[in-house]
Amino acid sequence: MPSEPALRIIMRRLREIMGEEGEGQEKLDHIVHLIAGVMVTDVCSLYLKRQDGSLELFATEGLNAAAVHNTRLKRGEGLVGRAAELNLTINEPDAPKHPAFSFRPETGEEVYHSLLAVPIHRSGQVLGVLVVQNRTMKEYSDEDVEVLQATAVVVAENLVSGAVAGTGAALELSKSLSAVVLGQPISEGIALGHIVIHEPRIVVTKLMAEDPAHEMTRLDAALATLRVSLDELMDHEHMQGAGEHRDVLDTYRMFAHDRGWERRLHEAVQGGLTADAAVERVQNGTRSRMLRHGDAFWRERQRDLDDLSDRLLRILAGRPSGLTHAAMSELPPDTILVARTMGPAELLDYDRTKLRGLVVEDGSSQSHVAIVAKALGIAAIGQAVGVVERVTAGDAAIIDAVAGEVHVRPSPELVNAYSDKVRFRARRQKQFEALRDLPAVTKDGQRISLNINAGLLVDMPHLEESGADGVGLFRTELQFMLSDTLPRTERQMQTYRAVLDEAKGRPVVFRTLDIGGDKVLPYLRQAKEENPAIGWRAVRMSLDRPGFFRMQVRALLKAAAGRELALMVPMVTVAEEIDDVRALINKELRFLKRHKHKLPSKLKIGAMIEVPGILYELDRLLPKVEFVSVGSNDLLQFLFAADRGNGLVGSRYDSLSIGPLRALKALTKSCRRHKVTYTLCGEMAGSPIEAMALIGLGFRTLSMAPASVGPVKAMIRSLDARKAMLRLDELLKTGGGNLRRDLERFARAEKVEI
Ligand code: PEP
Ligand code: MG
């Protein structure tokens, strides 16, 4: 129970903390630690108000550390929000029972009952809230309230000192603290550097033209400059050579030459606008038209057009690149670009030798800017919501585009840890390169076939670089998704032929179109679906639209002429689907024969195992196919009924659990009985411990992202496959639900490099 001395202790320690050298975050951490200790509470947390009125958890003792800077309460939300909104102390013996209580699972606060929330305010403005919580149900004493209120006064005075009290003060404060912004890796890597904020917009101030003829001349001159500058940009040394990034850039360049765009710009100037206002008007008009489509393809197109319009505006304003020349030459040598959104060509404006990483608020791994970032080899994170607001130019930052985290203003310890990580990765990479030409053989002599997953021609060089045996999964839909119009048979054929040429005789498994659902093609009308992952997709669509499917099959058969061809069918749900697919393929074979085309030397047809139902009719499926490949990404999401793209449930269930492992074991047994080749090509295969478990289940062929080949091969060369199989058999009989720990223990005991 705190008493007079408690207050005195806190005040003395607070003064010391405030006087100490160090970062703002450290001080906040000390404060909550101090209060929890002296007041004997299970939790002490400090929330500060953001510009939008929300409250952000800035420091905590007792709640989950990961919630810091991630938990935000909307204005007035929950008891803490009410305390801020009403500038009121709230003392609740059983907070979870209170109707205003807002449960935030990421904080782990469900076990606490009593809650005391005191606003931190100055001159009548609420800056934040100090909260203590205990497991027991109790009303806090008057002394408790007094101690916390007095602390809040000191916090307000000291932490926001100098600033006129208000919400901006807290925001300014937040900008001096460490923070983690979460996102999605869109180009893998780790980078340390300093932030440069990308500001593409030019604000158009003059709308109406005084001299329309002059505006027309300005517009035409700017368009000409734009086109020339794009040609130069696209011949960028890092963008040479074929590959999907080329297609992206060529499409972009076509936009700049689009007659319709030029005509609309002219019409707007003829209507009396300045050239600058015309660009903006046309951009807005097109945006509303494109966004009406609401799908990923049009969003990408819109991004291209925004990029182009911004570029044109900058030319008109006499500032051709996103930064002034002076600023461009002053780019830090370790630039980390932060942007709300970015087009592919904008990224190329920056000096590659100075670029370390990119963070954007939108963008997925298939966005155009991601494809260019990958081609440039820089680490990039997308979906980093709110990042622009949380950083200041020049801030130090770390991009972890493996975990999907941006650490802003990191502590020296974190910088050290990541520097070690970067060095470690470089060293590991060297070791993996050394393994490149060594076989993937276990200690007891089992040869494991390692293959890569690919989807674009640009991925093919990875085959050579990784020393893999072949391509275990070629996702053909990517070419379709990047194209404006349906790629005709001839174009498809050229791509497939180039893929086979690049494979130089190594096997390639082409997966037939896995589109539909959320992989939308702009030229294909599709109704919106409630549950796209289990909707009209993959083989279901291929069978309903046989024309589409036959076109692809024809292209594949022609591309393989005289060579072996392996076709894999996604999302097979019942065995009869393979009969239907075969019937369509046979039609194409007959057609090509009739027209005297050279046929593949051998044709293998396989099914992807991604739908749980098919596991129970393997006796009917296996006699119909030459091979099967487990798509563990989909199979796990359907086995666990947990959306693979939803972070809230995505990590809830472990792939190394007894349920899916038993299912896979049964599959390997059936396949051996039917003498059908089996493999696994989902993300599972690329993680060394999971690959170890798969070998223990009987898999001898795996397919994974090219970067995983090295780590998985290192694991294989340190593994005794027979021992792994025995251990897996035991665990599947007697183990607990989640076998990850047991498998880690096995790997440690056996010195397996996981
Ligand atoms: C899978 O589902 O595991 C798979 C390999 O296919 P995709 O990730 O393309 O759905
Ligand atoms: Mg799949």
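**A sheet and a ligand site**

Strand 7 and strand 14 (residues 405-408) pair in the antiparallel sense, over four bridges. Strands here are DSSP runs of E with at least two residues, helices are runs of H or I with at least four, and both are numbered from the N terminus. Two strands count as paired if DSSP finds at least two bridges between them. Strands of a sheet pair through backbone hydrogen bonds, either parallel or antiparallel.

The model is predicted: local features need pLDDT of at least 70, side-chain atom pairs count only at pLDDT 80 or more, and totals for chains, interfaces and linings use all residues. Residues are numbered from 1 along each chain as its sequence is written, chains are lettered from A and ligands numbered from 1 in the order in which they are written, and side-chain values use heavy atoms, leaving out hydrogens and water.

Look at the bridges one by one. Val180 stands opposite His407 in strand 14. Leu182 has Glu405 of strand 14 as its bridge partner. Glu405 also has Asp400 opposite. Strand 13 and strand 14 run antiparallel, joined by four bridges. They form a hairpin with four residues between them. In its turn, Gly404 has a positive phi of about 85°.

Now take in the whole sheet. It is open, has eight strands in the order 7-14-13-9-10-11-12-8, and its pairing is mixed. Strand 7 (179-182) and strand 8 (184-187) stand at the edges. Each has a single partner strand, so one side of each is left without a neighbour in the sheet. From one strand to the next, the twist averages 30°. Helix 15 (residues 412-435) packs on the sheet. The helix touches strand 9 (190-197), strand 13 (396-400) and strand 14, where contact means heavy atoms within 4.5 Å. Its direction makes about 125° with that of strand 9. Axes are lines fitted to C-alpha atoms, for helices over the stretch in contact, and angles run from 0 to 180 degrees between N-to-C directions.

Next comes the ligand. Ligand 1 is surrounded by 14 residues, each with a heavy atom within 4 Å of it. The closest are Arg475, Arg511, Glu610, Asn633 and Arg644. A polar side-chain atom of Arg475 lies 2.8 Å from an oxygen atom of ligand 1. For Glu610, a polar side-chain atom lies 2.9 Å from a ligand oxygen atom. The largest share of the shell, three residues, comes from helix 23.

Definitions and conventions
A polar contact is a pair of N or O atoms within 3.5 Å; within protein, one must be able to donate a hydrogen and the other to accept it, and residues adjacent in sequence count only if both atoms are side-chain atoms.
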